[in-house]
Amino acid sequence: MDQALILEIAKKLNYPTPLPIAKEIVEFTDGRKKDIDEILKRISKDEPWEYIRGYTYFLGHKIYVNQNVLIPRKETEELVTIALEEIKELGKVKKQIIDVGTGSGCIAIALKKALGQEIIAIDTSLEAIKVARKNSRENSCEDLQFHNSDFENLEISNTLVTIIVANLPYIPSEDINFLENSVKNYEPIEALDGGHDGAKHYCKLLNDIQKKDINFEIAIFEIDTSMEKSLIEMLDSTEEYNYVVMNDSFNRKRFLKVEKL
Ligand SMILES: C[S@@+](CC[C@H](N)C(=O)[O-])C[C@H]1O[C@@H](n2cnc3c(N)ncnc32)[C@H](O)[C@@H]1O
């Protein structure tokens with residue numbers, strides 16, 4: 001590969017570690033100058049490289065993305081790792097696993113690949129479901145079940161042990177304007193906005209779990225510290241759940257495990 005070209009591109013990228021992306025740009029364009037210039041122009045307007053290239057990797061799986069879905073994040077890989085540990089602890093019990101707010105389908109695909117069992121994946125955005133379906137085909141996970149629905153309106157078994165994994169939108173509405181341009185100008189608002197304190201979608205999901213006649217066992221959520229208080233208050237008020245807040249690898253409180261008491 002043309003090392004001089006990679007270095008030249010890296011110098012033009014305003015990233016903390018520009019070399020890997022410069023290398024990817026050269027690979028993607030086969031070093032064609034016109035295409036490289038076009039990509040650099042788009043990046044200079046803060047467009048994420050993942051949307052330009054059209055895919056990213058999540059726990060080693062190639063995941064196609066467009067502006068209808070959130071670009072999968074590193075912390076969500078940690079969410080999946082935690083969820084897998086919890087699910088494996090349940091052993092051979094017959095269960096249904098539901099990925100709420102599937103977006104690109106990255107969580108459902110990673111769970112399916114690791115567990116070999118059917119996963120139900122839901123999203124209120126039809127455009128996101130289309131991307132998730134494409135990703136399931138490309139990753140040979142055709143037996144994933146997709147539904148363009150929220151949890152309240154989802155029809156599921158009421159006997160199977162139910163496990164929920166969710167990365168729902170959790171940015172407080174008033175913080176959206178302060179996000180980086182690459183996020184606020186390109187990623188879908190439906191994947192970011194979590195209402196006034198960020199907890200809107202998770203509070204509703206916990207309410208819906210309570211209302212539904214299902215055999216709920218455990219839920220693992222990706223959260224942010226801004227919403228922790230509201231969620232904990234709600235969980236304390238119901239007295240139906242045990243919960244534990246877990247840290248990510250940077251020692252930030254980023255995950256919430258909720259269990260039936
Ligand atoms: C933060 S993105 C996460 C996408 C993907 N799971 C990931 O981790 O990269 C949240 C997703 O939840 C969807 N969503 C928002 N509200 C929802 C709801 N009430 N029920 C189901 N999906 C919802 C959005 O359309 C979006 O695709």
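This report covers the ligand surroundings and the cysteines of a predicted model.

## Residues around the ligand

The ligand is surrounded by 19 residues. The closest of these are G101, D123, T124, N167 and A191. Sorted by class, the shell around the ligand consists of seven nonpolar, nine polar and three charged residues.

## Polar contacts and cover

Three of the residues named here make polar contacts with the ligand through N or O atoms. G101 uses its backbone: one of its backbone N or O atoms is 2.8 Å from a nitrogen atom of the ligand. D123 uses its side chain, where an N or O atom lies 2.6 Å from an oxygen atom of the ligand. N167 also takes part through its side chain, with an N or O atom 2.8 Å from an oxygen atom of the ligand. The ligand taken alone exposes 600 Å², and the protein buries 93% of that area.

## Cysteines

How many disulfides does a search of the whole structure find? The search finds zero. For C106, the closest cysteine sulfur belongs to C141 and is 12 Å from the sulfur of C106, which is too far for a bond, because a disulfide requires two cysteine sulfur atoms within 2.5 Å.

Are C106 and C203 buried or exposed? C106 has 7% relative accessibility and therefore counts as buried. C203, at 19% relative accessibility, also counts as buried, because the cut-off for buried is under 20%.

Technical notes:
Residues numbered from 1 in each chain as written. Predicted model: local features only at pLDDT ≥ 70, side-chain atom pairs only at ≥ 80, totals over all residues. Heavy atoms only, no water. Buried < 20%, exposed > 50% of the residue type's maximum accessible area, 1.4 Å probe, protein only. Near = heavy atom within 4 Å. Polar contact = N/O pair within 3.5 Å; in protein donor to acceptor, adjacent residues only side chain to side chain. Areas by Shrake-Rupley, 256 points an atom, 1.4 Å probe, with all protein chains shown as cover. Nonpolar A, V, L, I, M, F, W, Y, C, P; charged D, E, K, R; others polar.
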